[in-house]
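Please look over the sequence and the model below before reading on, since the paragraphs refer to both.

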Amino acid sequence: MEVIAYLWQYIVQSAGLAIAYVFAGLFIYLMLRRLHSRAMTVTLVAMFVAASIAFYVPNGMPHAFEYPFFMRSYGPASGPVLPLKNVWEFVQRFDEFERPDDISRDPRDVPAQIVYAQDGVIEVSLTAKEVIAEMAPGVSFNYWTFDGTVPGPFLRAKVGDTIRLSLTNDATSLHHHNIDLHAVTGPGGGAAATNVAPGESKTITFKALNPGIYIYHCAHPNVANHMAHGMYGLILVEPEGGLPPVDHEFYVVQGEFYSVGSLGRKGLQLFNTQAMLDGDAQYVVFNGRTGALVDTMNAQVGDTVRMYVGNGGVNYISSFHVIGEIFDTVYREGDLVSPPAMSLQSTMIPAGAAAVVEFKVDYPGKYVLVDHALARVDRGAWGLLNVSGNADPGIFDGVITPGGGH
Ligand SMILES: [Cu+2]
C-alpha cells in the first residue's frame with residue numbers, strides 16, 4: 001500500500017529500535033539472574049536508562065508534537081517542522097490528493113505576449129495545490145505547487161504594468177500558502193497580503209516597477225520547506241520596447257528535492273528536513289522531475305533560442321551550461337537593464353533568482369542543458385535541446401559516436 005511505502009523508513013527504524021531495546025532488556029535480565037544482587041540490578045538499570053538519555057538529550061527534548069521530533073532551528077519564524085496532526089491528516093486524506101500524470105511544466109509554455117484585461121490590468125490567478133506525482137519512474141513525492149506543476153505558470157508583464165493577482169489555496173491542501181514575487185515592491189513581495197488557508201482566496205495589485213526576470217515562490221513559514229516541495233516559478237517584466245524577437249522561448253527552473261529514501265528508492269518519499277538543512281539533496285532537477293526536458297525543446301539550425309532559467313534552490317547555486325553551445329547573450333542574474341554579457345560558456349544562477357540566456361543554433365544535434373556542478377546531473381539536473389537541420393562541416397566536422405560525451 002502506498003501509505004506503508006511512505007512510512008516504511010520509519011517502520012524499519014522503529015522496529016530496529018524495538019529489537020535493540022528487547023535484546024538490551026533480555027541481556028539485563030539474564031545478567032541479573034546470574035549475578036543476583038540488588039546493587040547489580042540498580043547499576044545495570046541505571047546504565048540502561050543513562051544510555052537512552054545520552055542518546056536523546058544532545059538533540060534536545062521534543063518540544064511539540066511535530067515531525068521531525070528533535071529539530072531545533074533559529075529562523076525568524078517556525079522551523080522546517082510539520083505538526084504531527086498534518087502528518088496524520090495526510091495519511092487520512094491520502095486518497096483526496098490529485099495525482100497528475102506529469103508534474104513538470106512544459107518548457108514551451110511561455111505566453112507569446114502580454115495579455116491585458118479590459119481595464120488594461122494584467123489578471124493572474126494562481127492556485128496553490130498539494131499533489132502526489134512522480135519524481136522518477138516509481139518514485140513519488142508529495143509536491144506543493146502553483147497550479148499543479150513545477151514550476152508554476154510563467155507570468156509575463158512589461159515595466160509599468162499593473163498586475164492583479166489572486167491566489168487561491170485549493171480546498172484539499174493541508175497547509176497555508178502565499179506568494180512572494182521578487183518583481184513586487186511591497187511587504188513580503190506580496191506574501192504578507194496573500195496568506196491563504198485551505199479553500200481561501202486573496203487578491204493583491206502591484207505595479208511592475210523594475211524590468212527583469214524574477215522568481216516567485218511561496219513564502220509561508222517555513223519558507224525553505226514550502227519551496228523545497230516545488231512552490232516556485234518565474235515572472236518576466238519586459239523592459240520598455242520589449243525583448244528582441246527570437247524563434248523559441250523556453251522556460252526552465254532548477255530545483256532541489258529532499259527525500260528520506262536515498263536516490264532512486266521506490267515508493268512515496270517522505271520529506272527529509274535534516275537533508276534540506278544540510279544542503280544534501282537527493283534530487284536536483286529541471287522542471288520538477290527527472291527526465292522532464294527530453295523531447296519538448298526543439299529547434300532548427302539557424303533558429304534563435306531564448307531560455308528563461310530560474311533556480312528555486314533552496315541551497316544550491318546553479319552553474320547553468322548547455323553542452324556544445326556558447327551563450328551569445330546572457331542577462332546575468334536577470335538584469336534586463338544593463339547591456340547583456342556576451343559569449344559565455346556558463347552562467348551562475350543564485351538560489352531564488354533567474355537569468356536569460358540566448359543563442360543561435362548553428363549545427364544539428366542534441367544539446368544537453370546541465371548544472372555544470374556535474375554530480376547533480378546524475379541526480380536529474382539535465383535536459384535536451386534537439387536541433388535538426390543541415391550540418392555545416394565548416395562549423396563542425398567529425399564522426400559522432402553514440403555515448404560520446406562532454
Ligand atoms: Cu506554500
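What follows goes from the domain division to the N-terminal helix, then to the contact between two domains, and last to an open sheet.

The model is a predicted one, and its protein chain is divided into domain 1 (2–59), domain 2 (89–238) and domain 3 (248–388). Helix α1 covers residues 2–35. At 1.5 Å a residue, its 34 residues should span 50 Å, and because the end C-alpha atoms of α1 are 49 Å apart, the expected and the modelled spans agree. The helix nevertheless has a kink of about 55 degrees, centred on W8. Of the 34 residues of α1, the number buried is 1, and the helix therefore lies largely in the open. Just after α1, H36 adopts a positive phi of about 50 degrees.

Between domain 2 and domain 3, the C-alpha centres are 20 Å apart, and 34 residues of domain 2 are in contact with 37 residues of domain 3. On the side of domain 2 that touches domain 3, the elements giving two or more residues are β3 (122–136), β4 (139–146), β9 (212–217), α4 (223–227) and β10 (232–238), with the largest share, 5 residues, coming from β9.

The open sheet has 6 strands in the order β13-β11-β15-β20-β17-β18, and its pairing is mixed. Strands β13 (283–286) and β18 (341–344) form the edges, each pairing on one side only, while the twist from one strand to the next averages 25 degrees. Within this order, β15 (residues 304–311) and β20 (residues 353–360) pair in the antiparallel sense over 8 bridges, and M307 stands opposite V357 in β20.

Technical notes. Residues are numbered from 1 along each chain as its sequence is written. This is a predicted model: local features need pLDDT of at least 70, side-chain atom pairs count only at pLDDT 80 or more; totals for chains, interfaces and linings use all residues. Two strands pair if DSSP finds at least two bridges between them. Helices (H or I, at least four residues) and strands (E, at least two) are DSSP runs, numbered from the N terminus. Axes are lines fitted to C-alpha atoms, for helices over the stretch in contact, and angles run from 0 to 180 degrees between N-to-C directions. The expected span of a helix is 1.5 Å times one less than its number of residues. The bend at a residue is the angle between axes fitted to the seven residues ending there and the seven starting there. A residue is buried if 20 or more other C-beta atoms lie within 10 Å of its own, exposed if 12 or fewer, and partly exposed in between; C-beta atoms are placed from the backbone. Domain bounds come from an automatic or database domain assignment. Two residues are in contact if their C-beta atoms, placed from the backbone, lie within 7 Å.
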